[in-house]
Amino acid sequence: MIPMVDLKRQYHKLKDEIDQGILTALENTQFILGPNVQEFEKEAASNLGAKHAISCASGTDALHLALLAAGVGPGDEVITTTFTFIATAEAICYIGATPVFVDIDEKTFNMDLDATEAAITNKTKAIIPVHIFGQPVDMSRIMQLADKHNLLVVEDCAQSYGADIKSKMTSTFGITGCHSFFPSKNLGCFGDGGMITTEDEKVAERLRILRNHGSFERYHHNIIGYNSRLDELQAVILRVKLRHIKEFNHERRRAAHYYSEQLAGLVTPPHEDGIGTHIYHQYVTLTDKRDVIMKKLSENEIACAIYYPIPLHKQPVFAEQYKSVSLPVSEQVAEQCMALPIHPELTNQQIDQIVATIKSAI
Ligand SMILES: *Cc1c(COP(=O)(O)O)cnc(C)c1O
């Protein structure tokens with residue numbers, strides 16, 4: 001049995017450190033915005049080279065709060081990719097703005113930047129680039145577009161913790177960078193968690209009150225805020241894993257490169273465009289034999305998944321509103337994409353087994 005991610009194996013490798021940290025936090029009983037949350041924010045900011053890191057309850061909340069703090073609101077258009085997890089668009093809808101979906105590059109699956117430029121109107125307020133599957137979007141081009149048209153850039157880094165472009169981390173290019181610590185992400189906790197990074201003092205200040213009931217000072221509420229805090233116990237786990245994130249991402253790249261060598265000629269392996277470092281949150285191939293391959297993998301107890309089977313403009317929730325929108329590259333990729341197991345603990349031997357199974361299916 002080979003799972004998509006092997007959280008158990010990772011836990012057992014880090015068990016002593018994690019268990020010890022949790023037991024100490026239980027004794028401390030400072031469960032809300034406690035010392036581990038505060039230390040984690042400092043450590044993550046330093047790790048990313050960001051001025052401020054504000055943790056919150058999930059990656060979805062990170063996007064929602066980031067848009068609020070940046071001042072995006074009703075009537076604004078926000079351009080993003082149609083080929084992403086629903087949360088990217090949900091956050092835009094929460095604040096009453098309108099998502100404008102653009103098509104993707106057929107090789108990297110990241111948003112098409114010519115299409116992004118073409119989608120800018122006088123209502124456009126922001127762009128949300130998503131570093132999909134862990135491969136950085138060309139942020140220098142995005143920032144040029146944003147400067148030229150006076151737009152805000154909110155990076156969705158839910159899949160790209162630790163991915164950099166020439167040593168500058170994703171999440172430090174836009175006004176804010178939004179992270180998810182969902183268990184299966186590259187930096188994941190044991191439940192939900194999220195974080196926003198920013199260089200902007202005022203935005204950081206707004207985020208700190210937005211996540212905590214609009215309050216700086218206890219029981220003094222300046223604005224309507226939210227209950228969106230990172231849990232103290234999750235912060236313990238994240239502090240331990242943060243010390244290993246570089247090695248985790250390195251091992252993901254090792255596994256991905258070994259896969260790509262072995263899979264040549266069988267399916268189309270993921271394309272690295274070299275703009276930044278792909279940290280392989282997912283290893284997504286293309287094949288026109290997806291059904292037979294997936295059936296064979298499942299018979300052999302090898303996990304396999306489709307990211308994403310339906311682009312957002314075709315999702316039931318959006319289909320009516322976007323019925324005149326055609327984004328053919330994303331629609332084609334959705335038909336052919338196949339994600340194989342990838343995690344730092346995946347061995348080359350397991351990859352051999354997966355590749356042999358794929359070979360036997362086609
Ligand atoms: C996981 C994910 C999110 C949402 O993060 P949660 O922590 O699950 O709320 C947002 N955007 C993308 C691209 C994601 O992959």
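The crossing of helices H2 and H8 is left-handed. In this predicted model, H2 spans residues 35-48 and H8 spans residues 232-242, and the two pack at an angle of about 35 degrees with 8 Å between their axes. The chain is assigned two domains, domain 1 (7-242) and domain 2 (245-361), which bury about 3,500 Å² between them.

**Packing of H2 and H8**

- From H2, the contact is made by Pro-35, Asn-36, Val-37, Glu-39, Phe-40, Glu-43, Ala-44 and Asn-47.
- H8 contributes Glu-232, Ala-235, Val-236, Leu-238, Arg-239 and Leu-242 to the contact.
- By residue class, the contact of H2 with H8 holds 8 nonpolar, 2 polar and 4 charged residues.
- Among the charged residues are Glu-39 and Glu-43 of H2, together with Glu-232 and Arg-239 of H8.
- The two polar residues are Asn-36 and Asn-47, both on H2.

**Domains and their interface**

- The centres of domain 1 and domain 2, taken over C-alpha atoms, are separated by 24 Å.
- Domain 1 places 44 residues in the contact, and domain 2 places 37 residues there.
- Of the area buried between domain 1 and domain 2, 62% lies on carbon and sulfur atoms.
- On the domain 1 side, Phe-101, Phe-133 and Asn-186 supply 20% of the area buried against domain 2, more than any other three residues.
- Between domain 1 and domain 2 the count of salt bridges is 0.

**Salt bridges**

- The model has a count of 14 salt bridges.
- One of them joins the side chains of Arg-141 and Glu-117, with an N to O distance of 3.8 Å.
- This pair links distant parts of the chain, as Arg-141 belongs to helix H6 (residues 139-149) and Glu-117 to helix H5 (residues 113-118), 24 residues apart.

**Surroundings of Val-100**

- Val-100 is placed in strand E3, which covers residues 98-102.
- When neighbours within four places in sequence are left aside, Val-100 is in contact with Glu-77, Val-78, Ile-79, Thr-80 and Ala-119.
- Gly-177 is separated from Val-100 by 77 residues in sequence and by 20 Å in space, C-alpha to C-alpha.

**Backbone geometry in loops**

- Most residues other than glycine have a negative phi, and most peptide bonds are trans.
- The peptide bond from Tyr-307 to Tyr-308 is cis, its omega being near 0 degrees.
- Tyr-308 sits in the loop that runs between helix H10 (290-299) and helix H11 (316-319).
- Thr-29 has a positive phi, near 55 degrees, in a residue other than glycine.
- The loop between helix H1 (7-28) and H2 contains Thr-29.
- Ser-171, also a residue other than glycine, has a positive phi near 100 degrees.
- Ser-171 lies in the loop between strand E7 (168-169) and strand E8 (176-180).

Definitions and conventions: Residues are numbered from 1 along each chain as its sequence is written. This is a predicted model: local features need pLDDT of at least 70, side-chain atom pairs count only at pLDDT 80 or more; totals for chains, interfaces and linings use all residues. Side-chain values use heavy atoms; hydrogens and water are left out. Axes are lines fitted to C-alpha atoms, for helices over the stretch in contact, and angles run from 0 to 180 degrees between N-to-C directions. Helices (H or I, at least four residues) and strands (E, at least two) are DSSP runs, numbered from the N terminus. A crossing is left-handed if the near helix is turned anticlockwise from the far one by less than a right angle, and right-handed if clockwise. Contact means heavy atoms within 4.5 Å. Domain bounds come from an automatic or database domain assignment. Buried area is the accessible area (1.4 Å probe) that two parts lose on being put together, summed over both. A salt bridge is a side-chain nitrogen of Lys or Arg within 4 Å of a carboxyl oxygen of Asp or Glu.
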